[in-house]
Amino acid sequence: MPSVSVFTPTRYVATLMLTLLMMSAHSSQAQTQASSPANTPANTPASSPASSSASSSASAAETAAEELQSVEVKAVRDPAIMPYKVAYELMSKVRAASKDKVQIQIRITSAKTHAPVPNLSIYLDGKNTRQQLDISATGFVNVPLDQAAYADGAEFVTNQKKGSMEVNILLLPKLPQDVFKYADISDSIEAAQMAIKELVPWYFRVFMPSVNSIGICYAGQNQTVLVKGNEEQQLPANSDATDPLKNKVHCARFAAKDVAKEKGNLIMPATGWQAIYM
C-alpha cells in the first residue's frame, strides 16, 4: 500500500469483511484437506501441478465467499448468510478478546441497491428454536448470543431470495454513553487490536491498516468535543471519515499515543455523536 494512501473506516470495514470471508474459506478448505485421503506426506508425489491446486483453492475461496453473502428463502434452513454457529463463535471471540469493549455489528443490505431490504424477516430456526430477530430500519440485525439456539444447531431462515442480499461485519468502539475518560479510549483501541489479532491470521493482518485511534463523530460540521483535564478545551471535529452507513461524518480524532499520556482526562461530547475506529 503506497505511503500516500489515506485510511478511512470504510476501507477498514471492507478489508475486515473480506478477511473474515477468506478466513472462513481457508478454514473449510483446511478441514477438507485434513480429512481427505489426498492429504499425504510431503514425499508423496502430487497428483496435479501446484498451479492447478492454487487455482482450485482460489476458486473454492471465491465460491465460499459468494455463498456466505447470500440467504436462502421460504423458511428453509440456510447458513449462506453466515451460519449461526459461525456468527455465535465470532461474536463470542470478539467479546472475550476485547473484554467486551468492542461491539460487533452485522448489517444486511440488498446486493443490488446496497440499501436496507424492505420487509426483511430473519428467524433462528432449529428443532427447539423459533426466534425472530430484530432488524433496524438501516439493516442492522440483532443477532443474539443464545447458547440454547447454538446447542440446538439453529440456522438463519429468511424470506428473501438466495443471492439477493449482502452481509457487512463491523467492529465499533464500545464506550460509556455520556462522559468517559481518555483511559476508555485507550482501552477500546487496545481491545480492537486484540480482537483483530484473535480473529485474523498474521498473514492477513499484514495487509490491514492498524487501528490506532477513535473518532468522536458528528453528521454536521463545526462541532467540537469538550475535554476536561488540567485545563478545559474544545477539540474541533475536523477529521472527515465515513460512518457504518457510509455517510460522511466529521470527527474529533483521539490517537492512542495521545490518550495514553493523560488517561484521567474527561471527554464530554455533545449529543448526537457516534464513535468509530480510525
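Residues 24 or more positions apart account for 75% of the contacts in the protein with a separation of 6 or more; a contact means heavy atoms within 4.5 Å. This is a predicted model, in which local features need pLDDT of at least 70, side-chain atom pairs count only at pLDDT 80 or more, and totals for chains, interfaces and linings use all residues. Residues are numbered from 1 along each chain as its sequence is written, and side-chain values use heavy atoms, with hydrogens and water left out.

**Overview**

The secondary structure comes to seven helices and 14 strands. Helices (H or I, at least four residues) and strands (E, at least two) are DSSP runs, numbered from the N terminus. Of the 278 residues in the protein, 40% are buried. Buried means under 20% relative accessible area, exposed over 50%, and partly exposed in between (1.4 Å probe, protein chains only).

**The 4-1-6 sheet**

Three strands form an open sheet in the order 4-1-6, and the pairing is antiparallel. Strand 4 (140–141) and strand 6 (165–173) stand at the edges, each with a single partner strand, so one side of each is left without a neighbour in the sheet. Helix 3 packs on the sheet and touches strand 1 and strand 6. The direction of helix 3 makes about 150° with that of strand 1. Such axes are lines fitted to C-alpha atoms, for helices over the stretch in contact, and angles run from 0 to 180 degrees between N-to-C directions.

Strand 1 and strand 6 are joined by nine bridges. Two strands pair if DSSP finds at least two bridges between them. Within this pairing, Gln105 stands opposite Leu170 in strand 6. Strands of a sheet pair through backbone hydrogen bonds, either parallel or antiparallel.

Ser110 lies in strand 1 (residues 102–110). Ser110 is buried, with a relative accessible area of 14%. Its side chain reaches the backbone nitrogen of Lys112 at 3.1 Å. That is a polar contact: a pair of N or O atoms within 3.5 Å; within protein, one must be able to donate a hydrogen and the other to accept it, and residues adjacent in sequence count only if both atoms are side-chain atoms. Leaving aside residues up to four places away in sequence, Ser110 touches Ala115, Val117, Ser164 and Glu166.

**Helices 3 and 5**

Helix 3 (residues 84–97) has 14 residues, which at 1.5 Å a residue should span 20 Å; its end C-alpha atoms are 20 Å apart, which agrees. The expected span of a helix is 1.5 Å times one less than its number of residues. Buried in helix 3 are Tyr84, Ala87, Tyr88, Leu90, Met91 and Val94. Seen down the axis of helix 3, its buried residues fall within an arc of 165°, so they line one face of the helix. The arc is that of the directions from the helix axis to the C-beta atoms.

Helix 5 (residues 182–199) also agrees with expectation: its 18 residues should span 26 Å, and its end C-alpha atoms are 26 Å apart. Among the buried residues of helix 5 are Tyr182, Ile185, Ile189, Ile196 and Leu199.

**Three loop residues**

The loops hold residues of both kinds, buried and exposed.

| Residue | Loop | Relative accessibility |
|---|---|---|
| Lys99 | between helix 3 and strand 1 | 69%, exposed |
| Val143 | between strand 4 and helix 4 (147–151) | 8%, buried |
| Lys246 | between strand 11 (239–242) and strand 12 (248–255) | 54%, exposed |

Lys99 comes just after helix 3. Phi of Lys99 is near 55°, a positive value in a residue other than glycine. Lys246 has a positive phi too, near 70°.

Val143 touches Tyr84, Ala87, Met91, Ile106, Leu133 and Phe156, not counting residues up to four places away in sequence. Val143 and Leu133 are ten residues apart along the chain, and their C-alpha atoms are separated by 6.7 Å.

**Strand 8**

How many residues of strand 8 are buried? Six of its six residues (213–218) are. Both faces are covered: Ser213, Gly215 and Cys217 on one side, Ile214, Ile216 and Tyr218 on the other. In a regular strand the side chains alternate between the two faces of the sheet.

Strand 8 runs antiparallel to strand 12, joined by six bridges. In strand 12, His250 is the bridge partner of Tyr218. Strand 8 also runs antiparallel to strand 14 (residues 274–277), through four bridges. There, Ile214 stands opposite Tyr277.
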